[in-house]
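Work through the exercises below in order. Each one sets a task and then solves it step by step.

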Amino acid sequence: MTSRDKTLDQYHELMQINAVSHLLRAARETGLLDQLRGGQHTAEQLCNTLSLVPKPTQLLLDALNAIGIVEKYDDDYALSQAAQLLCQYDKDLGDHRWAKLSTRMLGKQTRTSVGGTEYFDQTAATQWVHTPAAMQAAEMLNVGGEGEVAGPKILDLGCGSAVWSCAMAHRDAQATITAVDFPGPLTASKSMAESIGLSERFTAIEADPASTELTAKPPLANDFDIVLVAQRLFALTPPEQTQLLNQAVSCLRPGGRLVVIDLFRGPTKPNLSESTEALKLEIETPGGAMKTLKEAESLLTDAGVGKIQFTFIAATRVNLGMMVAFKPA
């Protein structure tokens, strides 16, 4: 393939991506997505209900069918499973998020004006997409395996939906989880634990995982076999990162494991997923940023843990990696 062919292919791909985004926006703005979310409809029914012009509506439905957003059954159209999720979690395609980017670039909004709550709530709401990665991480940690602590006590600091800690507890029938977070994420975490039968082994504490003095509430001090900080640490400001890690280490028993799962800068040229995740942290958090391995290791070392090991989690669709360290015995 010549350089000219590659350029033309890239041009066509970018135009297709842009076209798809506009197809989805048109479907949302005209009410098609909401109408189909309620059940199957023919093109004629959709046009009559929403006062749409038949010809372009039919062409849009054909295009949505081609990209897998709608499915066709004889004359009826229905939302695909992917589109059902889109409508539930991100039906504006993240427009509310990306509208902030140019504002930030032009200096019309500073990071200090961003609270970060929306970022954490959105992470908790969609964290279940990392279920395969969470299962892989639990397997790599060998939770419930030979040579590991039986029935480990797991503290999930900044639990989000608790998908990561629940995957660990699922591997050991005696494992328990104590989850700490704000009210919104805790609701998601309780639902997650209930959905896989872990409610009786799941305790929720409503608190700021970084600033609340958890060790003042026995028996949290020096008591946990595993302290997990997943998709939270690098979204915080540097002082909050130090605070959260100190909290985590103080809750670990001597010899216990600190597990940090987060977005790490890869050693190669950033791909699109890495770049967009880094931008989300930039525009939606007051001081978050992706870390290199060296930067993360320095943070953990300063917190007083050692024997640090790292691996990228292959099952993730973004650059999520897992760093494991031990509290000195």
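Angles under 35 degrees count as roughly parallel, over 145 as roughly antiparallel, 65 to 115 as roughly perpendicular, and the rest as oblique. The model is predicted: local features need pLDDT of at least 70, side-chain atom pairs count only at pLDDT 80 or more, and totals for chains, interfaces and linings use all residues. Residues are numbered from 1 along each chain as its sequence is written, and side-chain values use heavy atoms, with hydrogens and water left out.

**Exercise 1.** Classify the crossing of helices α8 and α9.

*Solution.* Start with the terms. Helices are DSSP runs of H or I, at least four residues, and strands are runs of E, at least two, both numbered from the N terminus. Axes are lines fitted to C-alpha atoms, for helices over the stretch in contact, and angles run from 0 to 180 degrees between N-to-C directions.

Step 1: α8 covers residues 131-140 and α9 covers 163-170. Their axes come within 8 Å and cross at roughly 50 degrees.

Step 2: α8 and α9 are therefore oblique to each other.

Step 3: list the contact residues, where contact means heavy atoms within 4.5 Å. From α8 come Thr-131, Ala-133, Ala-134, Met-135, Ala-137 and Ala-138. From α9 come Val-163, Trp-164, Ala-167 and Met-168.

**Exercise 2.** Place Cys-159: which loop holds this residue, and is Cys-159 buried or exposed?

*Solution.* Step 1: the loop between β4 (153-157) and α9 holds Cys-159.

Step 2: apply the scale. Buried means under 20% relative accessible area, exposed over 50%, and partly exposed in between (1.4 Å probe, protein chains only). Cys-159 has 1%, so Cys-159 is buried.

Step 3: leave aside neighbours within four places in sequence. Cys-159 then contacts Gln-127, Ala-179, Val-180, Asp-181, Leu-186 and Ser-189.

**Exercise 3.** Describe the surroundings of Phe-120.

*Solution.* Step 1: rings of Phe, Tyr and Trp (its six-membered ring) pair if their centres lie within 6.5 Å; planes under 30 degrees apart count as stacked, over 60 as edge-to-face and the rest as tilted. The whole structure has 4 aromatic pairs. One of them joins Tyr-119 and Phe-120, edge-to-face, at 5.8 Å centre to centre and 75 degrees between the planes.

Step 2: check burial. Tyr-119 is buried at 9%, and Phe-120 is buried at 12%.

Step 3: look for a charge. A charge sits over a ring if NZ of Lys or CZ of Arg is within 6 Å of the ring centre and within 35 degrees of the ring normal. The charged end of Arg-232 sits over the Phe-120 ring, 4.0 Å from its centre.
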